[in-house]
Every structure is written in structure tokens, then in C-alpha cells.
Amino acid sequence: MAPRTLRSSALALTGVSLIALLGAPAVAQTAPAPAADAPEAPEVVVTGSRIRNRDFETANPVVSISAERIQETGETNLTQYLQRLPALVGSFGPTQAAGGSGVLGIGETGLNELNLRNLGTSRTLVLIDGRRQVGAEPGVASVDINTIPTDLVERVDVLTGGASAIYGADGVTGVVNFILKKDFQGLTVRAQNGISNYGDGAQRLFSATWGQNFGGGRGNIAVAFEYARNERLASADRPYLVGPNVPTFQNNPNGTTPSRVPLTNIRYYDSSRQGGVDLDFDGLPDYTGTGQPWDPGSFVPDFYQQGGSGTLTTDYRGDILPQVTRYIGNVITHYDFSDKFSVYAEAKYAHTISYSVDQPTFDYYILINPDNPYIPDSLKPLVADAGGALLNRDNFDLGVRGERIIRNTVRGVLGAKGDLSSHLRYDASYTYSQNKITNHFIGDQYTDRFFSAIDAVPDGHGGVTCRINLDPAALPDQPYSSRVLPDAPLSFTPGQCVPLNLFGEGSPSQAAKDFISVDTTDHSKLTQQVATASLNGDTGAFFNLPGGPVGFALGAEWRRETSKDVPDIVAQQGLTFTNVTPISKGHFDVKEVFGEVDVPLLRDVPLAHLLDVGGAVRFSDYSTVGHTTTWQLNGKYSPIRDITFRGTYAQAVRAPNIGELFAPNGQDFEFINDPCAAANVNLGKSTRVANCQALLSGLGVADPSTFADLNSANIPGLLGGNPTLTEETARTWTVGAVFQPHFIRGLTVSADWYDIRLKNAISYATAQQLADLCVDQPTIDNQFCAQVERNNGGNQPGKIVGFTRLPQNVASYVTSGLDVDVNYILKPNWDYGSFDLHLVGNYLNKLQLIGIPGADPTDYRGTQELPAPKYQFNLDVGWTIHQLTLAYNLNWFSHTLRYSNDTVAADPDHTAPEYKYIKARAQHDIYASYDVTEKFQVFGGINDFTNPKPAFAALNYPDDPLGRFFFVGAKVKLGKLF
């Protein structure tokens with residue numbers, strides 16, 4: 001998609017929540033000692049370790065979210081809930097996956113992908129019960145969370161720190177592990193419906209899960225089905241987001257401070273919905289498409305006007321939320337032949353349909369010949385005298401472009417496990433997953449048909465036809481157009497052309513629109529195969545340390561990933577308005593061996609209630625980047641029962657994905673706000689002014705200090721892969737403490753500092769970043785300048801006219817901060833019910849990107865760009881008495897800078913003080929449920945009950961425009977059916 005870019009740019013804790021800090025689970029330490037004849041406790045599977053030990057506690061900081069907590073938020077979309085957690089605030093959720101988000105790429109409509117610590121979705125490893133799933137889009141490994149059934153989730157574990165030694169590549173920043181329900185007995189049905197107080201944005205959920213033991217209790221099968229639908233929401237559904245009275249920030253027309261001011265009624269200065277006719281070929285309209293004199297309004301640098309005839313910039317705002325429909329079926333089963341041999345299997349089918357629209361096509365500098373009969377009568381003599389005219393137009397009446405994407409994901413797991421002895425277990429499994437994607441791109445246009453259709457002439461019989469119908473050799477002449485014109489008609493034959501009238505909004509006939517319009521269809525297929533075999537156990541049979549037996553795990557893994565994307569043939573041939581997209585395919589495989597050990601040095605001795613150290617290592621051999629090694633060291637120390645100190649130190653890697661390695665060069669369109677323009681040259685690094693002076697002077701710009709780039713449209717460029725990429729490497733460490741005072745029963749408090757340093761990071765810089773990085777380096781002799789093409793001489797010397805985006809191992813990231821997790825459950829002896837509180841908070845100390853070695857870092861801390869607020873917390877408070885549960889949730893983060901740290905540092909008066917920051921986010925939710933019987937529950941709630949709106953001059957930040965949201969539902973639980 002080639003968008004015309006706008007610059008505006010309940011909850012009660014349950015028992016499961018007590019494992020929120022697996023490093024020190026409150027339940028395990030506060031439960032009474034079992035009786036001598038009590039049955040043996042089941043083994044505990046923890047995220048962050050392959051060791052399966054009943055008493056094992058990982059040193060990794062892990063936050064767990066229970067299924068009950070997710071239900072109590074009313075969220076039918078898992079990502080929308082997980083974005084409340086500080087570590088996942090930058091995830092790609094419904095707001096980002098809509099046409100109007102400004103960050104949506106082709107094929108991404110409706111996707112939900114997690115972004116841990118704001119270091120990218122590709123560096124966040126998503127697992128289901130500790131196993132991988134195929135990626136969500138061609139060439140990418142990121143998982144679509146839409147394919148995970150909400151009601152089958154038992155809990156979600158979020159682990160911070162390098163986990164590559166445990167789970168393999170991609171877990172650079174950590175892991176998000178979805179633990180599913182197992183050994184299900186009976187039938188549970190849940191139905192939920194919700195709607196905003198505006199009467200739109202409806203969300204529906206229906207799920208049913210049935211489970212049954214068989215074989216005398218040795219086997220279990222569970223079958224689950226889930227249907228969910230979230231309705232589309234357009235910007236036009238919120239009057240405060242569209243129209244002439246909506247404020248947006250623009251360059252100060254007076255050229256004084258502050259540099260950026262909020263203005264209303266902002267329009268493009270060179271185009272209109274009814275067309276803008278340029279008679280003197282200076283690029284600026286003189287008349288509207290209906291023949292009225294063009295009203296230029298008041299000029300607003302660099303390419304806007306306030307008032308007048310141009311198209312409102314807010315007209316280009318697309319959808320706020322996409323329409324997403326999900327159908328998910330799951331089967332989970334196992335059968336224990338004996339303690340030594342148990343077979344398990346899983347099967348899943350997820351069918352998702354996503355739909356969203358964004359923007360229309362638009363055209364600049366279309367040459368209109370004097371004999372065109374559609375020219376308004378008042379303009380015909382003027383056009384004849386000028387020898388023709390140029391037409392700029394925003395084609396809203398030709399249809400708005402969008403996507404309807406169907407994704408079919410299948411996943412199967414088959415494995416066997418068992419006890420070789422009381423101290424040694426095995427587990428072997430094979431996982432296959434596949435994602436087939438069909439992307440229907442709607443509202444596109446044939447370029448050859450468009451240009452032939454607008455070249456209209458009299459047909460000699462009192463009507464109008466296309467010139468090419470009368471003279472097949474008469475190809476359209478469009479030397480100035482913003483579109484690329486094919487050398488010959490390729491999608492039709494002369495005689496079929498239907499003339500198109502572009503003068504005036506609503507003037508195109510339906511027949512002409514049908515002739516030029518095309519809906520293309522792309523097909524993609526991704527596959528993933530993983531075979532894993534491992535042994536885990538302890539040395540209790542032959543060796544014990546003072547703290548107990550040594551725990552261990554070792555194994556081997558093989559994984560193969562493939563990806564193929566086949567665009568519609570007309571897109572491959574470049575026949576449409578949208579990007580030229582070639583076929584893209586690739587594959588890789590990796591063979592790995594791994595090991596892990598936990599060494600309990602001391603336990604229950606003076607000054608050492610517990611002292612454990614451990615480590616893990618993984619050796620990998622990729623068919624693409626060769627050999628890699630990852631490792632982890634960890635330790636825990638409890639001088640007394642009430643407090644535990646813990647820490648980890650790890651090296652993690654991420655191998656380049658298929659798209660980064662093998663994608664062929666395809667067409668890309670991006671907007672670039674030229675960093676060398678006079679309005680921007682002082683807003684970058686200290687080297688920008690001198691570098692722009694040298695760069696522009698060398699291209700023939702007479703006075704670089706007054707340089708202005710007047711291009712208001714997107715710029716065509718190239719986007720591709722780089723087969724010479726190597727792996728990224730990260731060093732991560734965490735250190736913290738868990739406090740569980742025996743004198744405050746039910747309280748667990750943890751605080752963990754994390755530090756992640758990623759080098760040789762694969763950077764797929766945007767065109768804007770390339771332009772900025774080119775002139776923000778020590779000199780212009782750098783690889784970024786080579787990727788930005790500017791006019792050398794000519795009518796507009798120095799103007800950016802192209803770019804090439806290729807990934808490179810040149811970047812580095814650094815992030816650090818403090819996570820705080822507080823759990824408190826109060827069960828007083830009097831009959832006033834139980835109270836619970838859970839707070840997850842974060843202080844962001846650092847979040848920086850260094851574009852290339854030696855460059856100044858770009859500081860994202862405290863900005864809205866990702867977003868990256870300095871302070872965040874998510875607070876749940878609940879009260880349960882008898883059958884009634886009431887809950888309250890507050891999701892909050894601190895105010896963020898409206899513009900980047902670099903911009904504010906370079907220009908302290910960039911905005912007026914009252915606009916420097918965007919307001920803090922504070923979302924308040926309430927929830928209530930009532931158990932009518934043991935088998936029937938009703939529930940409901942209000943999210944965002946204060947009905948906040950987005951910040952001043954913002955589209956969907958920090959609050960989305962959905963507004964106050966009401967939901968109600970019911971749950972039925974039935975026991976064994978057979």
C-alpha cells in the first residue's frame with residue numbers, strides 16, 4: 001500500500017496468580033506441610049527452564065497472568081490485555097493493525113504480535129506450552145496471537161531476559177509462554193457481548209470446551225471451539241477526529257517560536273477531492289476541477305494550507321480498529337500406557353478474517369490534453385491557450401483501498417514422555433504448523449487503464465471515448481505524473497476502454513470506475529517443523545549436595561522453516577497503483593543440542609535457607625548463518641525464608657528471518673520529511689547542519705540554508721533482503737529480590753533490575769530513518785547516504801526522489817529498567833470475604849538505538865514513538881464474598897514527549913510548554929460476577945468508564961477512541977457428561 005502519510009502524527013487474583021513470581025511462589029511456601037500419607041504432588045512446569053522438578057524454582061523473573069484475570073477485563077483479544085503489562089506496552093495490537101494506524105504494512109491488517117521491551121516483535125519469542133508456532137506473515141517468525149484461543153488459556157507467563165539457551169533463537173528480550181488447560185473434565189460454555197457507549201465497536205465471544213477422561217482415568221481428551229468477532233471502527237465514526245475543526249501540529253506559518261503550533265482546517269496545498277487544475281505548470285493549482293478559482297488559503301510550510309480549496313488532511317485518516325473474525329478449534333489428548341510411556345497429541349485449526357480500509361488513490365501532475373471534453377466549459381479556452389493542464393486529485397470517489405485477509409493456521413503436536421526411573425524422565429515430540437494466507441487487496445486500480453481512460457476525446461458522434469479506442473497506437477503521454485506509466489496497455493485491448501471524468505468530485509461514471517478498478521489476491525504459505533528430544537531429572541539416585549540433588553536437562557532439536565509469497569500477477573507486473581511486488585521465497589533449518597543444570601548448594605542451614613546456582617548452554621548450526629552459541633548463568637540465595645535474592649546473566653542470539661535474508665527487491669512507498677529542509681536542519685544531531693550543507697552544495701543547491709522539499713506525497717523506493725546478514729547477539733542480565741514476610745501472610749513483593757544490550761542488530765531502517773541517519777553521522781561518507789537518492793541538478797536539485805531499504809547488521813540497542821511485582825491476598829477470619837491486590841510496575845531507565853557503531857544514540861525513553869513511558873503500572877484489586885466478585889483495574893503510564901528527545905534537545909521551543917508532553921494514560925475498568933449456582937455464572941463490566949479521548953491533536957494515543965465499553969456475559973459449567 002502506498003499511503004499518503006499524515007503528520008499528526010477488573011480484576012481479581014486467583015490461586016494461579018500466586019505463581020506470578022515463579023522465583024518464589026507464595027502458594028508453595030505458605031501451604032501447610034503435607035501429611036505423611038498424602039499423595040505425591042505433581043511436577044511443576046516452569047517457563048524459563050526445561051528441568052521438570054517438583055521443587056524447582058527458576059531464577060528468571062516471570063510474571064503470570066491467570067485466565068480469570070483476563071476474563072475480568074472483558075477483553076476478547078489477548079493482545080489488547082497483554083498491552084496493559086509494562087513489558088509489552090509496545091506490542092502490535094488492534095489499534096496498530098487498522099488501516100489508519102500509520103504503521104500498518106501490506107499484509108498486516110488485523111495481526112496481533114507481541115513486542116517485549118520495545119525491541120521488536122521479531123525479538124520476542126512466543127510459545128504455546130513451551131513449543132513454537134509458525135509465523136504470521138511471509139518471511140517473518142512473529143506469531144499472530146489471534147490464533148490462540150482465549151478461553152483455552154490457563155495462564156500467560158512473561159519472562160524477561162535472554163532465553164535462547166533454553167528455547168533457541170528469537171528469545172533475545174524474553175519469552176511469552178501461553179499455558180493451555182489440560183485434563184479437562186465436563187463442559188464449559190461462555191458467551192460474551194460488548195459495545196461502546198457510542199453504539200459501535202461491538203465485540204462478541206462464544207467458546208465451548210468439553211473434556212472427558214477415558215481408559216480408567218489413564219487418558220483424557222479435550223475439544224475446544226471459540227468464535228470471536230470485533231467490529232471495525234472508522235475515524236469518521238468519531239466526529240472529533242475528522243473535519244475542519246480538528247487540530248493538528250504544523251510548522252509555524254510565522255517562522256517564529258514555537259516551531260510547531262496546533263492549527264485547524266489544515267489542507268493539502270496542491271490537491272483536492274474535486275481536482276486541482278494547474279495552467280502554468282508550476283505544480284500549484286490555479287482552478288478547482290469544477291472551474292472555480294483555486295483558494296490557496298494561508299500557506300503552512302512545507303506543503304499545507306489553512307482553509308481554502310485543498311483536501312483536508314484528516315480526510316486521509318483511515319480505520320481506527322479493524323474488523324477481525326476468528327474461528328478456532330483445538331483438540332488436546334493424552335494416554336498414559338504406564339509411568340514409563342505416555343503419548344500426547346494436540347491439533348489446532350485457526351481461521352481468521354481481517355478487514356480494514358485506509359486511503360484512496362491520489363495523483364499529481366496528470367497531463368490533461370486540450371481536446372479532453374470533460375474539461376469544464378469555463379476552463380476550456382484557458383487550457384487551450386496553455387497547451388494543456390496539470391491535474392492533481394485525491395480520488396475518494398474512486399474508492400478507498402484496504403485489505404481483506406484470510407489466514408488459515410494449522411498446528412499439530414505428537415509426542416511421548418515417561419519416567420525411565422524415579423530420577424530420570426524423557427520427552428520427545430514433533431510439531432508441525434502451517435499458515436496459509438489469502439490477501440484480497442481491495443480498491444486498487446490498473447495504471448494502464450487509468451491513464452488511457454483519462455485521455456478522453458470526442459467520439460465523433462456526440463459522445464466521449466478514449467483516444468486509444470480510436471487510435472490503438474496513441475499511448476497516453478504523462479511525462480510528469482506521480483504514477484509510473486507502462487510502455488503499452490497490458491490489461492486491456494484498444495476498444496475496451498471506458499473514458500473517465502476526473503473534473504469534480506462524483507463525476508466518474510460507474511462504468512469507468514469498474515473499468516479501472518481491480519481487486520488483487522496474494523497467496524502465501526509458511527511452514528514450520530520442530531523435532532525435540534530431551535532427558536531431564538536429578539542425581540538423587542546416586543549423588544546429593546547439602547541442598548539436594550543436582551537437577552539437569554539435556555537434549556537435541558531440529559527445526560525447519562519455509563516461506564513463500566506469491567503476489568497477484570498484476571501486482572508482480574506492476575500494473576496497479578500499489579507497490580510492485582515480486583515473488584518471495586526462502587527456507588532454513590537449524591540443528592541444536594542443549595543442556596541445563598541446577599545445583600542446590602545449600603538448603604535449610606544457618607544464613608542459607610536456600611543457595612542455588614545453575615546454567616544452560618545451546619549449540620546451534622544454521623543453514624544460513626552457521627554456528628552460534630548461547631548460554632545462561634543464574635543463581636538464587638535466601639539467607640532466611642522471607643527473602644530471596646536472584647539473578648541471571650545470559651548471551652542470546654537471533655538469526656535473521658527468511659524475509660530479511662531472501663526477500664527480492666520490491667517497490668516501496670514512504671513519506672520522507674527531508675532532514676535538510678530549513679525547518680528541520682536544526683532538529684537533529686550536532687553534525688546535521690554541516691552535513692546537509694556539504695550534501696546539498698554538491699548536488700547544485702545554491703543556498704542550502706533555505707532549502708525546502710515541497711513533495712507532499714510518498715516517494716517510491718526499493719525494499720529487499722540481504723543474504724549476507726549474520727546473527728544478532730545480546731547480553732542480558734537481571735538481578736532482584738523477592739520478599740515474602742511470614743508476618744504478613746499472603747504478601748509477595750519482588751523487584752528486578754533488567755539490562756539488555758543487543759549488538760549487530762539487524763536494522764531495517766525506514767526511509768525517514770535512512771534520510772535522518774545519512775546526515776546525523778559524523779560525515780556523509782556512510783552507508784545510509786548511499787541508500788537515499790536525490791536529484792543532482794535539474795529543476796529541483798537536492799530533492800529526495802528514491803531510496804533503497806536493505807537490512808544490515810549495523811545497529812545496537814540498549815534498554816534497562818526496574819520491574820516491580822506486588823501480590824497480596826487477604827483472607828480475614830471474619831465473614832467479609834477475601835481481598836486481593838496485584839500490581840505490576842516498571843521504571844524505564846534507558847531505551848536507546850545506535851544506528852551504526854560510533855554514532856550518537858537515539859533516545860526513546862519517555863517518548864510516545866513506541867511508546868516508551870518512564871513509569872507504568874497495572875493495578876488489579878478484587879473482593880470476593882460468597883458468590884459475588886467485584887474487581888477494579890487501573891492501567892496507567894506517565895506522560896510522554898510529543899516529539900523525540902533529539903528534537904526537543906535541539907529545539908527547546910519546538911512547541912509551547914503546554915504541548916510539550918502528551919497526557920498520561922489512565923484507564924479505569926470495573927467488573928462484577930455472580931455465581932447463580934455452582935454451574936452458572938453471570939458477569940459484566942465497564943472498561944474505560946471515564947470515557948477518555950485521545951490526547952489533544954492525536955488520533956489514537958494514549959487512549960484509543962473506542963471510548964467507554966460495556967460488556968456482559970454468562971458461563972455455564974457442567975460436570976462429566978458421559
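**Exercise 1. Classify Leu 607 by its exposure, then describe its backbone.**

Leu 607 is exposed because its relative accessible area is 67%; the cut-offs are under 20% for buried, over 50% for exposed and partly exposed in between, with a 1.4 Å probe and protein chains only. Next, find its place: Leu 607 sits in the loop between β27 (584–605) and β28 (608–622). Strands (E, at least two residues) and helices (H or I, at least four) are DSSP runs numbered from the N terminus. Finally, look at the backbone: phi of Leu 607 is positive, about 65 degrees, although the residue is not a glycine.

A word on the model before we go on. It is predicted, so local features need pLDDT of at least 70 and side-chain atom pairs count only at pLDDT 80 or more, while totals for chains, interfaces and linings use all residues. Residues are numbered from 1 along each chain as its sequence is written, and side-chain values use heavy atoms, leaving out hydrogens and water.

**Exercise 2. Decide where the model deserves caution.**

Start with the average: pLDDT (the predictor's confidence in each residue, from 0 to 100) averages 91 over the protein, and 94% of the residues score at least 70. Then turn to residues 1–44, where pLDDT stays under 50. The model has 137 contacts beyond four places in sequence for this stretch, a contact being heavy atoms within 4.5 Å. Where pLDDT is low, predicted coordinates should not be read in detail.

**Exercise 3. Describe the overall build of the protein.**

First, list the elements: 13 helices and 46 strands. The radius of gyration is 30 Å, close to the 30 Å from the globule rule for 978 residues, so the protein is as compact as a globular protein of that length. Here the radius is taken over C-alpha atoms, and the rule is 2.2 Å times the number of residues to the power 0.38. Along the principal axes, the C-alpha trace spans about 105 × 65 × 55 Å. Finish with burial: buried residues make up 60% of the 978.

**Exercise 4. Compare the surroundings of Leu 116 and Leu 718.**

Take Leu 116 to begin with. This residue lies in the loop between α3 (78–82) and β2 (124–128), and is buried, with a relative accessible area of 0%. Beyond four places in sequence, its contacts include Ala 87, Leu 88, Val 158 and Val 175. Ser 91 is 25 residues from Leu 116 along the chain, and their C-alpha atoms are 7.2 Å apart.

Now take Leu 718, which is part of strand β32 (residues 715–719). Leu 718 is partly exposed, at 38% relative accessible area. Not counting residues up to four places away, Leu 718 touches Gly 666, Asp 668, Phe 803, Thr 804 and Arg 805.

**Exercise 5. Pick out further backbone features.**

Begin with the background: most residues other than glycine have a negative phi, and most peptide bonds are trans. Asp 183 has a positive phi near 50 degrees; this residue is in the loop between β4 (174–180) and β5 (186–196) and is partly exposed at 49%.

Then check the peptide bonds. Thr 257 and Pro 258 are joined by a cis bond with omega about -5 degrees, and Pro 258 is in the loop between β9 (248–251) and β10 (260–263). Another cis bond runs from Pro 301 to Asp 302, with omega near 0 degrees; Asp 302 is in the loop between β14 (298–300) and β15 (304–306).
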